[in-house]
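Here are some notes to read alongside the model on your screen. Take them one point at a time, and find each residue in the viewer as you go.

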Amino acid sequence: EKEQKTATDMFPCFLIVVLAAHLICGSTANKVEITPVSAQHSATFRGMNKYGPSHVIDGNWRTKTMTVQDYDGEYEHGTWVTVSLGGVYCVETVEVWHYLNIPTYMSSFTCNQEEANCHSCEGYCAKKTRLTVTVYTEGTDPNPKKKDPGCMRGDTVKVRNRHGHMLSFHEVKVYAKTDE
């Protein structure tokens, strides 16, 4: 009689195959998602907590931020959201998810040292929205002379709508180069 193996019996074999493939081929991931530690914005829409800045980093696709201009001195700066990364990273890509987790409504910005702002917007931003994304350091950069043309170094990401009185989106995703 033939013996059947269960999934539990097969797991060690699967694990060995995956580890062997990783050792032979090596890891190819050169960027990781950074989880921001805090968020701020220009002013909350109608003062409602359900539209607070922390919603852009909470990982919950049902929440969102809605920010308006702060008419007490911030008018000329438009509407903005900043996220603190909790340390200095070499940021390559910033994604702004405008509507839930539907890729059609995602804007992807590429960052590099040659430009003042992240550019090469792909996706929703190219059609519908005028956002500016910048990466900068508010704290102290432990390696200020380190330059990498394929990313922007900083501990803060700012998403700004300079031409509108409102900015609303669900999530911000930040991807940085890994140290090699």
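1. Let us begin with a term we will need: two strands are said to pair if DSSP finds at least two bridges between them. Strands S7 and S8 pass this test, because two bridges are enough; they pair in the antiparallel sense over five bridges. Within that pairing, Thr132 has Arg160 in S8 as its bridge partner. Please keep in mind throughout that this is a predicted model.

2. Now step back and look at the whole chain. The protein chain contains one helix and ten strands. Along the sequence they follow the pattern α-β-β-β-β-β-β-β-β-β-β, with the helix at the start of that pattern. Of the 180 residues in the protein chain, 38% are buried. The protein chain exposes about 11,300 Å², and carbon and sulfur atoms supply 51% of that area.

3. How much of the contact network links residues 24 or more positions apart? Among contacts in the protein chain with a separation of 6 or more, such residues account for 65%. Ser38 offers a case to look at on a smaller scale. Ser38 lies in strand S2, which covers residues 38-41. Its C-alpha atom is separated by 9.4 Å from that of Val56, and the two residues are 18 residues apart along the chain. Leaving out residues up to four places away in sequence, Ser38 touches Ile57, Thr82, Val83 and Ser84. Ser38 counts as partly exposed because its relative accessibility is 34%, which falls between the 20% limit for buried and the 50% limit for exposed.

4. Next, turn to strand S10, residues 171-177. S10 is mostly covered, with six of its seven residues buried. Which strands does S10 pair with? Strand S1 (residues 31-34) pairs with S10 in the antiparallel sense over four bridges, and S4 pairs with S10 in the antiparallel sense over six bridges. Tyr175 is a good residue to centre your view on. Tyr175 in S10 is the bridge partner of Glu33, and Thr93 also stands opposite Tyr175.

5. The same strand takes part in a salt bridge. A search of the whole structure finds one salt bridge. Lys173 forms a salt bridge with Glu33, and the closest N and O atoms are 3.5 Å apart. This pair links distant parts of the chain, with Lys173 in strand S10 and Glu33 in strand S1, 140 residues apart. Is Lys173 buried or exposed? Lys173 is buried, because its relative accessible area is 16% and buried means under 20%. Glu33, at 40% relative accessibility, counts as partly exposed.

6. Let us go inside. In soluble globular proteins, nonpolar side chains tend to be buried together. Here, the largest nonpolar core has 24 residues, and those with the most contacts inside it are Val157, Val159, Phe169 and Val172. The elements that give two or more residues to this core are S4, strand S7 (132-136), strand S8 (152-161), strand S9 (166-169) and S10. S4 gives the largest share, six residues. S7 is mostly covered, with four of its five residues buried. To explore the core, select Val157: leaving aside neighbours within four places in sequence, its contacts include Val81, Leu85, Val94, Val133, Val135 and Val174.

7. Arg153 deserves a look too. Arg153 sits in strand S8. Why does Arg153 count as buried? The reason is its relative accessible area of 17%, since the limit for buried is under 20%. Not counting residues up to four places away in sequence, Arg153 touches Val88, Tyr89, Cys90, Gln113, Val135, Tyr136, Thr137, Asp141, Asn143 and Lys146.

8. Finally, come out to the surface. Tyr99, Ile102 and Tyr105 form a nonpolar patch there, with about 260 Å² of accessible area together. Tyr105 lies in the loop between strand S4 (79-97) and strand S5 (106-110). Tyr105 is partly exposed, with a relative accessible area of 32%. That value lets Tyr105 join a patch, because patch residues need over 30% relative accessible area.

Technical notes
Residues numbered from 1 in each chain as written. Predicted model: local features only at pLDDT ≥ 70, side-chain atom pairs only at ≥ 80, totals over all residues. Heavy atoms only, no water. Patch = residues over 30% accessible without salt bridge, like charges linked within 9 Å, V, L, I, M, F, W, Y side chains within 5 Å. Areas by Shrake-Rupley, 256 points an atom, 1.4 Å probe, with all protein chains shown as cover. Salt bridge = Lys/Arg side-chain N within 4 Å of Asp/Glu carboxyl O. Buried < 20%, exposed > 50% of the residue type's maximum accessible area, 1.4 Å probe, protein only. Contact = heavy atoms within 4.5 Å. Core = buried A, V, L, I, M, F, W, Y, C linked by side-chain atoms within 4.5 Å.
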